[in-house]
Structure formats: structure tokens, C-alpha cells
Amino acid sequence: MFDSLPDRVSIYEVSPRDGLQNEAAPVPLAGKLRLLDALVASGLRRIELTSFVSPRWVPQLADADELVAQYPPPPGVTLSALCPNARGFERARAVGLQEIAVFMSASETHNQKNTNKSIAQSLETFAEVVPPALAAGMRVRAYVSTVWGCPYEGAVAPERALEITQRLLELGCYQVSLGDTIGVGTPLQTRRLCQLFQAEVPTSALALHFHDTRGTALANALVGLELGFRDFDASVAGLGGCPYAPGAAGNLATEDLVYMLHGMGVATGVDLERLVEAGRVAEAVVGRRLPGKVHQAGVPTLRA
Ligand code: HMG
Ligand code: MG
């Protein structure tokens with residue numbers, strides 16, 4: 001193990017979107033701006049800051065237009081937002097966003113419940129969103145959810161998730177993030193899934209998006225790292241949650257990922273101390289204790 005570690009990996013921070021979308025009490029705009037400032041100050045350079053989805057479906061992010069308008073990207077920072085359809089794309093374009101992320105599930109039932117569309121309808125919708133977005137000069141990322149398992153259907157055929165991924169890349173998405181949406185994945189499964197995808201798709205076109213619902217997110221990320229993945233999604237302090245497991249831990253915590261990577265000599269461009277500060281801001285902004293391990297324990301001062 002650990003014979004082929006990279007010098008550097010890229011972290012895609014999702015706390016303002018995947019984290020805040022799950023908060024019971026919507027966070028005021030000022031709190032979101034504070035969190036964004038703290039994330040940028042830590043050195044994070046790719047941040048998903050909101051969603052241009054229906055405010056009736058996700059009221060927590062109903063202020064998306066105003067948030068993006070009030071937060072021009074700091075130098076060197078790429079901001080992105082989820083877009084489910086042409087309406088979302090138009091909203092993103094109107095506020096000058098440089099990147100959007102389309103999203104769908106590998107399982108029919110989850111896709112239907114999350115977006116009111118079948119998988120085929122989602123692909124048709126994105127065929128009408130991605131080319132115009134590219135023509136407008138945007139970059140488009142994509143998510144495929146429930147790759148490790150679906151809360152309604154259980155096991156998901158990896159070949160189906162792969163086929164959807166290939167379609168999204170053919171449409172022009174620069175990267176597809178594979179999601180363990182409900183945090184059920186374990187390392188051997190992750191190795192098998194990653195290898196199946198890597199046999200057909202360049203690893204550089206893939207990212208890994210783990211939720212830590214059952215404590216396996218970091219172990220799964222380590223498997224991906226070993227296999228050559230260089231793009232990982234994470235959320236500061238583990239902000240987030242799982243709508244199918246109330247009270248459970250959220251996304252892979254960015255501090256935990258950074259702590260592990262730096263300890264292994266893999267650079268991230270992130271200052272861990274400042275990231276821990278950003279986690280404290282996240283905690284203050286949502287007003288509840290957050291689950292990240294490094295967030296809770298702090299950065300160790302070890303004697304030489
Ligand atoms: P729908 O109800 O079928 O939409 O929802 P519709 O097209 O029939 O329109 C109904 C109404 O919504 C209309 O308004 C539209 O204008 C409006 P009305 O005429 O009734 O007043 N509408 C919109 N408004 C604002 N922005 C829009 C928009 N689109 C329609 N973009 C829809 C379909 C997809 C919109 C809805 O299902 C939706 O918003 N779903 C979003 C769900 C969501 O955000 N889930 C969480 C993100 S996914 C995730 O967390 C997983 C991930 O983290 C990866 C992982 O963990 O695996 C990414
Ligand atoms: Mg997620």
C-alpha cells in the first residue's frame with residue numbers, strides 16, 4: 001500500500017450546499033457569507049455555494065440568487081452551484097456563475113423522489129442544459145448519487161451508474177462525482193466500484209463524494225486515493241446530514257481528509273489551522289455541534 005501517492009489532490013468543498021441544505025433551521029444570508037469567507041481564507045479553491053433548485057423543494061437555499069450576487073468569486077476561487085434544469089441554468093447565468101453542477105441518481109426511485117424525474121428524463125433535461133451552459137462559457141460538473149446504495153432500492157447495479165457517468169461525460173461535463181449519498185459504502189466495495197469505473201473512464205474525469213453516515217467515509221477516500229483518484233468532495237466539520245438517517249453524521253469532514261492527506265505528505269493547498277477555524281464558523285452559523293473528528297479534537301501539537 002501507499003506506493004503511488006500523489007503530490008497533491010484537489011478538494012471540492014460542498015458545505016455551503018450539501019451541508020446547509022440539510023439544516024432544519026435555514027441559515028441567514030449573512031451566516032452563509034461568513035462561512036464562505038472562512039472557507040476561502042483556509043485556502044479552499046473550489047466551493048459549491050448553493051443550489052438553483054426549486055425553493056419549494058429546498059427552502060434552505062432559496063436565497064441562491066442573492067447569495068451568488070453578493071459573493072463575487074475571490075481571485076483563484078471557482079464557485080459552483082447545483083442546477084436541476086434549464087430554469088436553474090438561467091438563474092446561474094443571470095448572476096454570472098462560472099460553473100454549475102447537474103445531478104441525478106443511479107437508482108430510479110431516488111432520482112424520482114429527489115428530482116421528480118426518471119433517469120431517462122434527467123438525461124434528456126441535461127442534454128438541454130449542458131451544451132448551452134458550455135456555450136455560455138461555463139464549466140459543468142455532474143453528480144451521480146446512490147452509487148454505493150439506494151435508500152429505496154438497496155443495492156444499485158454499478159454498470160448502470162457507469163453508463164450514466166459516460167452519458168454525462170459525453171454531454172460535456174468535465175467531471176462526474178460519484179456519490180455514496182447515504183453513507184453505506186465499505187472499502188472493498190469502494191475498490192471494486194472504483195476499478196470498474198477506471199476501466200472505462202479516465203480517473204481524472206471522476207471525483208469521489210462520501211457521506212460519513214456510518215463512519216466509513218475516510219476509509220473509502222483512502223481506497224480511492226490509493227487507486228489514483230485525485231478529486232475528493234468534502235464538507236467542513238462534517239456539516240450536512242442524511243435525510244434518510246436523521247441525526248447521523250454528514251459528509252466526509254474536510255478537516256479529517258486534509259489531516260490525513262497532509263500526514264501522508266499529500267498537499268491540498270489548505271491551511272489546516274484555518275480550516276479548523278472555518279469549522280468553528282460553520283458551527284456558530286448553524287448553532288449546533290458538528291461531527292467532524294479533527295473539528296472536535298483540534299490539530300495536535302506533537303513534541304518532536
Ligand atoms: P418539479 O416540481 O417537477 O418542477 O420539480 P416543475 O418543472 O414541474 O416546476 C414546478 C415549479 O417549480 C414551477 O413553479 C417552476 O417554475 C419551479 P410554479 O410555476 O409552480 O410557481 N421550478 C424552479 N424554481 C426555481 N429554480 C428552478 C426550478 N425548477 C422548477 N431550477 C425540480 C423538479 C428538479 C425543480 C425539483 O425536484 C427540485 O428542485 N429538486 C431538487 C432536490 C435537491 O436539491 N436535492 C438535494 C440535492 S442532491 C444531493 O444532495 C446529492 C449530492 O450531494 C450527491 C450525493 O450525495 O450523492 C449532490
Ligand atoms: Mg451529498
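User: How many helices and how many strands does the protein have?

Analyst: This is a predicted model, and in it the protein has 13 helices and eight strands. The radius of gyration is 18 Å, close to the 19 Å that the globule rule gives for 304 residues, so the protein is as compact as a globular protein of that length. Along its principal axes, the C-alpha trace spans about 60 × 45 × 35 Å.

User: What share of the residues is buried, and what share of the contacts joins residues 24 or more positions apart?

Analyst: A residue is called buried when its relative accessible area is under 20%. By that cut-off, buried residues make up 56% of the 304 residues here. Turning to contacts with a separation of 6 or more, residues 24 or more positions apart account for 75% of them. As for the surface, the protein exposes about 12,500 Å², and carbon and sulfur atoms supply 52% of that area.

User: How many salt bridges does a search of the whole structure find, and how far apart are the mean positions of the positive and negative charges?

Analyst: To recognise a salt bridge, look for a side-chain nitrogen of Lys or Arg within 4 Å of a carboxyl oxygen of Asp or Glu. A search of the whole structure finds eleven such pairs. The protein carries 26 positive and 31 negative charges, and the mean positions of these two groups are 3 Å apart.

User: Which residue forms a salt bridge with Arg-17, and is that pair buried or exposed?

Analyst: The partner of Arg-17 is Glu-48, and their closest N and O atoms are 2.6 Å apart. Arg-17 lies in helix 1 (residues 15–19) and Glu-48 in strand 2 (residues 46–51), so the pair ties together parts that are 31 residues apart in sequence. Both Arg-17 and Glu-48 are buried.

User: Where do Arg-139 and Glu-99 lie, and why does the one count as partly exposed and the other as buried?

Analyst: The side chains of Arg-139 and Glu-99 meet in a salt bridge, with 3.8 Å from N to O. Arg-139 lies in strand 5 (residues 139–145) and Glu-99 in strand 4 (residues 99–105), so this pair ties together parts that are 40 residues apart in sequence. Arg-139 counts as partly exposed because its relative accessibility is 43%, whereas Glu-99 counts as buried because its value is 2%.

User: Which residue meets Asp-233 in a salt bridge, and which residues are joined into one network?

Analyst: Asp-233 meets Arg-141, and the distance between their side chains is 2.8 Å, N to O. This pair links distant parts of the chain, with Asp-233 in strand 8 (residues 231–234) and Arg-141 in strand 5, 92 residues apart. Asp-233 counts as buried at 2% relative accessibility, and Arg-141 is buried too, with a relative accessible area of 0%. As for the network, salt bridges that share partners join Arg-17, Asp-18 and Glu-48.

User: Where does Phe-103 lie, and which residues does Phe-103 touch?

Analyst: To read the surroundings of one residue, begin with its place in the chain and then list its neighbours. Phe-103 lies in strand 4 and counts as buried at 10% relative accessibility. Not counting residues up to four places away in sequence, Phe-103 touches Val-53, Leu-82, Cys-83, Pro-84, Asn-114, Thr-115, Phe-126 and Tyr-143. Ala-81 is 22 residues from Phe-103 along the chain, and the C-alpha atoms of these two residues are separated by 11 Å.

Definitions and conventions. Residues numbered from 1 in each chain as written. Chains lettered and ligands numbered in written order. Predicted model: local features only at pLDDT ≥ 70, side-chain atom pairs only at ≥ 80, totals over all residues. Heavy atoms only, no water. Helix = DSSP H or I, 4+ residues; strand = E, 2+ residues; numbered from the N terminus. Rg over C-alpha atoms; globule rule 2.2 N^0.38 Å. Buried < 20%, exposed > 50% of the residue type's maximum accessible area, 1.4 Å probe, protein only. Contact = heavy atoms within 4.5 Å. Areas by Shrake-Rupley, 256 points an atom, 1.4 Å probe, with all protein chains shown as cover. Lys, Arg positive; Asp, Glu negative; His and termini not counted. Charge placed at Lys NZ, Arg CZ, Asp CG, Glu CD.
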